[in-house]
Amino acid sequence: MLKMIDLPYPLDALEPYYSRRTLDLHYNVLYKGYVENTNQTEEKLKKAREENNFSNIKCLEKNLSFFGSGAILHELFFQNLGPAIPTEPDIRLMEQIIKDFSSFDKFKMQFIEAAKAVEASGWCILVWVPKWESLKILQCEKHQNLTLWGCKPILVLDMWEHSYYLQYETKRPEYINAFWNILNWNEVNKRFSNILLKK
Ligand code: MN
């Protein structure tokens, strides 16, 4: 059974860049739904195995990927946000960013443009690709499409309308600009060094 993660800060901690109301609905209603739906899907799969009835298997496997990925990405998202205290990539991560994107500014520009251009509902994600030993930026559609197999997400930005519409309405670029103020690089650094340590 999946359990919801605790928010690592109070609901109003991201103001004014991310409103209390938006975070409240996002965490307590939408994220909760992904966790519950993942658990329900697991229950249904268990029942299918017990009853030898796989007539609904296509739908269940699809739901597992959608709701499960939704739960995972929301956890990474809430945990890589934090109060507007300046943080930055550590030396190891900065070196890798420069290696793979030529400069931090180029990385940021590509990330912003990729985020703005996410089609419909999805995510913009900085990932580590172990096979290639390099960082890549991915646009994700819904929660589960357009990935590279085996990649490890280290920085995620929710580009679903539910993540910004209440506060920023149609102004996607303003939401993306605000995001950098509440991005907690310390968490991103930690994820990256944990991946390298386990190599
Ligand atoms: Mn979301």
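**Exercise 1. State the spacing that the donors of the manganese ion follow along the chain, then place them in this predicted model.**

Step 1. Along the chain, the manganese donors follow the pattern H-x47-H-x83-D-x3-H.

Step 2. The pair His26 and His162 links distant parts of the chain, 136 residues apart: His26 sits in helix 1 (residues 20–51), and His162 in the loop between strand 3 (152–158) and helix 5 (165–168).

Step 3. The protein donors are His26 (NE2), His74 (NE2), Asp158 (OD) and His162 (NE2), which lie 1.9 to 2.1 Å from the manganese ion.

**Exercise 2. Decide whether His26 and His162 are buried, partly exposed or exposed.**

Step 1. Buried requires under 20% relative accessible area, and exposed over 50%.

Step 2. His26 has a relative accessible area of 0%, so His26 is buried.

Step 3. His162 has 23% relative accessibility and therefore counts as partly exposed.

**Exercise 3. Describe the largest pocket and its lining.**

Step 1. The largest pocket holds about 400 Å³ of space.

Step 2. Its lining has 18 residues, and Ser69, Leu73, His143, Gln144 and Thr147 are the closest to the centre.

Step 3. Helix 2 (57–79), strand 1 (122–129) and strand 2 (134–141) each give two or more residues to this lining; helix 2 gives the most, with six.

Step 4. By type, the lining has 11 nonpolar residues, seven polar and no charged.

**Exercise 4. Identify the residues with the most contacts inside the largest nonpolar core, and list what Phe111 touches.**

Step 1. The core has 61 residues, and Phe107 and Phe111 have the most contacts inside it.

Step 2. Leaving out residues up to four places away in sequence, Phe111 touches Cys124, Ile125, Leu126, Ile137, Leu155, Leu157, Phe179 and Trp180.

Note on methods
Residues numbered from 1 in each chain as written. Predicted model: local features only at pLDDT ≥ 70, side-chain atom pairs only at ≥ 80, totals over all residues. Heavy atoms only, no water. Core = buried A, V, L, I, M, F, W, Y, C linked by side-chain atoms within 4.5 Å. Buried < 20%, exposed > 50% of the residue type's maximum accessible area, 1.4 Å probe, protein only. Contact = heavy atoms within 4.5 Å. Donors = N, O, S within 2.8 Å, 3.2 Å for Na, K, Ca; no water. Helix = DSSP H or I, 4+ residues; strand = E, 2+ residues; numbered from the N terminus. 1 Å grid on protein atoms, 1.4 Å probe; cavity = no way out; pocket = protein on both sides within 12 Å on 5 of 7 lines; lining within 4 Å. Points joined across faces, edges and corners; volume = space filled by probe spheres on them. Nonpolar A, V, L, I, M, F, W, Y, C, P; charged D, E, K, R; others polar.
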